[in-house]
Amino acid sequence: MALPESLSVAQARRITLAAQGFTDPRPGGATDMRHLRRVLRRLHLIQMDSVNVLQRAHFMPLYSRLGPYPVELLERAAYRKPRELFEFWGHEASLITTDLQPLFRWRMARAHEYAWGNMRRIVAEQPELVAWVLDEVRERGPITAAEIEHDAPRRTDHWGWNWSVVKQALEWLFFTGQVTAAERTTSFARRYDLTERVLPRSVLDVATPAVPDAFRALVGLSARALGVAAEGELRDYFRLPVEGFKQAVAELVEDRVLIPVTVAGWKGPVYLHHEARLPRWVRAATLVSPFDPLIWERARTQRLFDLNYRIEIYVPAPQRLYGYYVLPFLLGDRFAARVDLKADRKTGVLQIPAAWLEPGADPDETAVALAAELHQLAGWLGLHTVAAPDRGDFAGALAAGLAGVA
């Protein structure tokens with residue numbers, strides 16, 4: 001059934017949640033690779049981040065859509081042959097489905113434009129070092145930056161995020177696609193190897209598409225993953241440059257892949273993907289990571305869910321409004337609460353430094369549903385206890401809910 005060309009925010013919200021996989025049935029039994037692939041076919045990529053106060057960021061979007069699942073499935077997809085994911089700069093540092101690698105070769109080829117300044121500087125000022133590092137990877141890979149640094153012929157002071165010149169050279173080679181992540185160490189460091197030894201031959205042998213074709217394909221994938229989106233959100237999903245983006249949108253509109261629509265209160269052009277569907281309701285009850293594609297574009301999150309959300313990791317503690325690592329709780333098609341969470345692995349406790357109720361949410365219903373979700377999350381993380389919240393306007397009600405589940 002054709003969707004209306006004038007949408008309410010509630011309709012846009014449900015379209016988005018369906019596109020993002022929140023209306024798909026959760027596995028009834030053991031979760032397997034089929035379920036993982038179903039989510040990845042919707043999202044196309046998963047953002048990575050080194051913060052591990054609760055769980056590594058790339059594991060959480062799958063949990064939010066599948067419930068508790070073996071994290072080994074994602075590790076296998078990313079770091080074991082035949083690989084189904086590879087690391088690259090998609091939306092920030094990301095795990096991207098390997099079939100999309102040809103669509104990012106334009107970014108690799110334009111590293112002199114898009115790579116960070118110190119990467120460009122190292123290849124311009126010390127090309128012999130970059131060549132030596134590539135030879136080290138070729139001869140010794142998979143290998144970490146630290147292992148190469150130990151034998152580096154030339155050392156200088158560290159910079160910025162404590163990246164040495166060897167690390168800068170590796171990141172240049174990574175950005176240009178000459179090396180990639182073969183695996184991650186227990187401390188989350190990359191082990192680099194030649195891309196030709198990591199990615200499947202079936203991917204490497206695909207002809208490199210023309211840049212306009214790659215842009216058009218990526219915009220189409222962004223639109224399908226978002227369901228309905230403003231232009232800036234389509235561009236942000238894969239962090240596409242302005243140049244070429246407008247033409248891609250125009251061609252997708254002409255081909256009826258994108259359908260211009262209006263959403264009440266939204267400004268500027270808005271597009272609906274032609275495969276988008278509008279469910280009658282959404283029955284989600286799950287926590288969502290700060291790095292989840294559902295909410296990573298904060299202005300969109302505000303317009304869709306009336307949720308003013310920001311991650312406060314880098315905010316000084318006295319100035320934080322909600323907490324260090326806060327996850328919103330999706331109940332139905334709205335965010336009903338947010339909780340600051342920390343996994344204390346030494347004691348086996350899921351700590352809740354703070355809990356807050358969102359305006360308009362039913363406190364009793366939310367407390368029961370969130371308590372059940374927190375116990376499920378704790379079990380998935382291998383924790384045996386959920387502590388009562390320390391503070392927040394929802395601390396008392398959630399504590400009572402948790403006591404009821406225990």
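**View 1. S3 supplies the largest share of the largest cavity's lining: three residues.** What you're zooming in on is a predicted model, so local features are kept only where pLDDT is at least 70 and side-chain atom pairs only at pLDDT 80 or more, while totals for chains, interfaces and linings use all residues. Numbering starts from 1 along each chain as its sequence is written, and side-chain values use heavy atoms, with hydrogens and water left out. The cavity holds about 50 Å³ of space; a cavity here is a set of points, on a 1 Å grid over the protein atoms alone, where a 1.4 Å probe fits but cannot get out, and a lining residue has an atom within 4 Å of a point. Grid points are joined across faces, edges and corners, and the volume is the space filled by probe spheres set on them. Around it sit Phe-86, Glu-87, Phe-88, Gln-101, Met-108, Phe-174, Gly-177, Val-179, Thr-180, Thr-195 and Leu-199. Two elements, strand S3 (85–90) and strand S5 (179–184), give two or more residues each; strands (E, at least two residues) and helices (H or I, at least four) are DSSP runs numbered from the N terminus. By class the lining splits into six nonpolar, four polar and one charged, where Ala, Val, Leu, Ile, Met, Phe, Trp, Tyr, Cys and Pro count as nonpolar, Asp, Glu, Lys and Arg as charged, and the others, Gly among them, as polar.

**View 2. The second largest cavity has about 40 Å³ of space.** Its walls are Leu-226, Glu-233, Asp-236, Tyr-237, Pro-293, Trp-296, Glu-297 and Arg-300. Helix H14 (residues 231–237) chips in with the largest share, three residues. No polar residues turn up in this lining, just four nonpolar and four charged. With a cut-off of 30 Å³ or more, the cavity count comes to two.

**View 3. S2, S4 and S3 line up, in that order, as an open antiparallel sheet.** Strands count as paired if DSSP finds at least two bridges between them. Strand S2 (45–47) and S3 are the edge strands, each pairing on one side only. From one strand to the next, the twist averages 35°. S3 and strand S4 (residues 92–97) share six bridges, and Phe-88 has Ser-94 as its bridge partner in S4. Helix H4 (residues 71–79) lies across S2, S3 and S4 at about 80° to S3; axes are lines fitted to C-alpha atoms (for helices, over the stretch in contact), and angles run from 0 to 180 degrees between N-to-C directions.

**View 4. The other open sheet is mixed and has four strands, ordered S1-S8-S9-S7.** Strand S1 (6–7) and strand S7 (228–230) are at the edges with a single partner strand each, so one side of each has no neighbour in the sheet. S7 runs antiparallel to strand S9 (residues 270–273), joined by three bridges; Ala-230 pairs with Val-270 of S9. Packed on this sheet is helix H15 (residues 245–254), which touches strand S8 (258–263) and S9 and makes about 100° with S8. Contact means heavy atoms within 4.5 Å.

**View 5. Helix H8 (residues 127–140) packs with helix H10 (residues 165–175) at about 75°, axes 9 Å apart.** That makes the pair roughly perpendicular, the label for 65 to 115 degrees (under 35 is roughly parallel, over 145 roughly antiparallel, the rest oblique). H8 brings Leu-129, Val-130, Val-133, Leu-134 and Val-137, and H10 brings Val-165, Val-166, Ala-169, Leu-170, Trp-172 and Leu-173. The tally is eleven nonpolar, no polar and no charged.

Conventions. On a 1 Å grid over the protein atoms alone, a cavity is a set of points where a 1.4 Å probe fits but cannot get out, and a pocket is an open set with protein on both sides within 12 Å along at least five of seven lines; lining residues have an atom within 4 Å of a point.
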